[in-house]
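Reader: I want to go over the ligand site and the voids in this one. Can you put it up?
Author: Here it comes.

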Amino acid sequence: MGKMEMKPAAGKLGVLMPGLGAVSTTLIAGVFNVLRGEGEPVGSVTQMGTIRVGKRNEGRNPLVKDFVPLAGLSDLVFGAWDIHGENAYQVAKRSAVLEDRHVEPIREQLEAIVPMDAVFDRKWVKNLEPVAVKSGANHYELVVKLQDDIERFKREKGCDRLVAVWCGSTEIHQEMCDIHTDLAKFEQALRDNDERISPSMIYAYALISMGVPYANGAPNLALDMPAMTQLAKKHGVAIAGKDFKTGQTLMKTILAPGLRARSIGLNGWYSTNILGNRDGVVLDDPDSFKTKEVSKLSVLESILDKGLYPELYGDYHHKVRIDYYPPRGDNKEGWDNIDIFGWLGYPMEIKVNFLCRDSILAAPVALDLALLLDLAARVGFVGVQEWLSFYFKSPQALPGLYPEHDLFVQKTKFKNTLRHIMGVDLITHLGQDYD
Ligand SMILES: NC(=O)c1ccc[n+]([C@@H]2O[C@H](COP(=O)([O-])OP(=O)(O)OC[C@H]3O[C@@H](n4cnc5c(N)ncnc54)[C@H](O)[C@@H]3O)[C@@H](O)[C@H]2O)c1
């Protein structure tokens, strides 16, 4: 099998983000800093990760970005929507993720990124006060206004292609219902101003129907519904969700597969976090937290499957808490107490204390998703991109399939997909043919 046909990564790639907050400004400022030689894109697998090609004794381990043709960082043009009207410089200063040495020298570049007015409704994110929002007689009019924004952005910035990543706040929990299960019903509901359609769904509809590949960085129900996957198929668009896998959940999907791999049992996993940024304010609302909680809980349920391993994982207690604590700002602290058991049921404990920086971990994930979704589009991949599960807390799976949460299985699938695209042998790790 040869290399897949693909369009070249030529020209500018517009990266559109609903939400100009801590994650998106850390991403934008980070890229500008890397381009002027001030820091490395640490955490970005596309920029710093390698991929083995061929056998172990061949010594071929190119960087991912040298193996697959990706847009270069200097070809990226950023755009965003937000409710506050502040430019990227103001948001970066206020968010205080980056020090002045990474913000002041690029002040003009950041000031030039001014968000477009948002589609927003306080019903969905209660703890924020909007100042710059679009109005419309119904949801469908808002879709059209977003589509105008998208078209104008592409034209004015001279972009060859666009991708989008939701970096907006976590909306309140919404169960999937009939209007989400069918595209025709969803389109009717847009016209009827149905209250079960959230702003993030309106962005998703507008972007996908304009042919823009889209990733969902938050746990909102937006891309993960049949109406949206039907829309993606109809327009030949790649989509991926949801909820960036960064701090505590990343640790969970590193540790839990290890316990399972060695048949170590689990009695309980208690996770708590303190967080003081705007994401923390939003998650202080129990309805928004519920959305996050569902996303965070699903990880262990899937990796430590009660049905497959009743003696090891049939009866463990899993609890996740997030508390808003302003003094911490973006520097989240997480504690995990893991009650495990071994041979003959003897109990043991693992304690993890992770002092992390939320947006420092999320920015490279958002960057990789933008670059890889653009690659997916250029090779003609359509619909849910399971190979990007690697980056998500609640990976979206194809209909009838369970999502894969194990980071190491996700990594194998991710890298083998890149090998498949480039027409080189997939790596099975069988190792029987060395002599
Ligand atoms: N940082 C992480 O490690 C991480 C991990 C997983 C998921 N996330 C999610 O990523 C998202 C962004 O995180 P953040 O720390 O940048 O939060 P943030 O609060 O700093 O930024 C979110 C921005 O979205 C804006 N917003 C809200 N609703 C909007 C709408 N309808 N249209 C346009 N803008 C809207 C807000 O005004 C805010 O500026 C959150 O949903 C968060 O839960 C973050």
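Reader: What does the polar backbone atom of V119 sit 2.8 Å from?
Author: A nitrogen atom of the ligand. A polar contact here is a pair of N or O atoms within 3.5 Å; within protein, one must be able to donate a hydrogen and the other to accept it, and residues adjacent in sequence count only if both atoms are side-chain atoms.

Reader: Which ligand atoms do the polar side-chain atoms of T170 and Y203 lie by?
Author: For T170, an oxygen atom of the ligand, at 2.9 Å. For Y203, a nitrogen atom of the ligand, at 2.8 Å.

Reader: How much of the ligand does the protein bury?
Author: The protein buries 98% of the 840 Å² that the ligand exposes when taken alone. Areas are Shrake-Rupley with a 1.4 Å probe, and for residues only the protein chains shown count as cover.

Reader: Remind me what kind of model and numbering this is.
Author: It is a predicted model, where local features need pLDDT of at least 70, side-chain atom pairs count only at pLDDT 80 or more, and totals for chains, interfaces and linings use all residues. Residues are numbered from 1 along each chain as its sequence is written, and side-chain values use heavy atoms, with hydrogens and water left out.

Reader: OK, the shell. Which residues come nearest the ligand?
Author: V23, D82, V119, G168 and T246, out of 31 around the ligand. Near means a heavy atom within 4 Å.

Reader: And which elements supply at least two residues of that shell?
Author: α1 (22-35), β2 (76-82), α8 (199-209), α11 (278-283) and α14 (358-379). Helices (H or I, at least four residues) and strands (E, at least two) are DSSP runs, numbered from the N terminus.

Reader: How do the shell residues divide by class?
Author: 16 nonpolar, eight polar and seven charged. Ala, Val, Leu, Ile, Met, Phe, Trp, Tyr, Cys and Pro count as nonpolar, Asp, Glu, Lys and Arg as charged, and the others, Gly among them, as polar.

Reader: Pockets next. Which one does the ligand take?
Author: The space taken by the ligand is the largest pocket. Sitting in one means more than half of the molecule's atoms lie within 2 Å of its grid points. On a 1 Å grid over the protein atoms alone, a pocket is an open set with protein on both sides within 12 Å along at least five of seven lines, a cavity is a set of points where a 1.4 Å probe fits but cannot get out, and lining residues have an atom within 4 Å of a point.

Reader: How much space is in the largest pocket, and which residues are closest to its centre?
Author: About 860 Å³. Of its 49 lining residues, A22, C167, G168, S169 and D279 are closest to the centre. α11 gives the largest share of that lining, four residues.

Reader: What about the second largest pocket?
Author: Its volume is about 590 Å³. There are 29 lining residues, with T26, G30, E40, L98 and I360 nearest the centre. α1 gives the most, seven residues.

Reader: How many cavities of 30 Å³ or more?
Author: One. The largest cavity holds about 50 Å³. Volumes are the space filled by probe spheres on grid points joined across faces, edges and corners.

Reader: What lines the largest cavity?
Author: Residues including Q248, N273, K332, D336 and F354. β9 (333-341) is among the elements that give two or more, and β9 gives the most, three residues.
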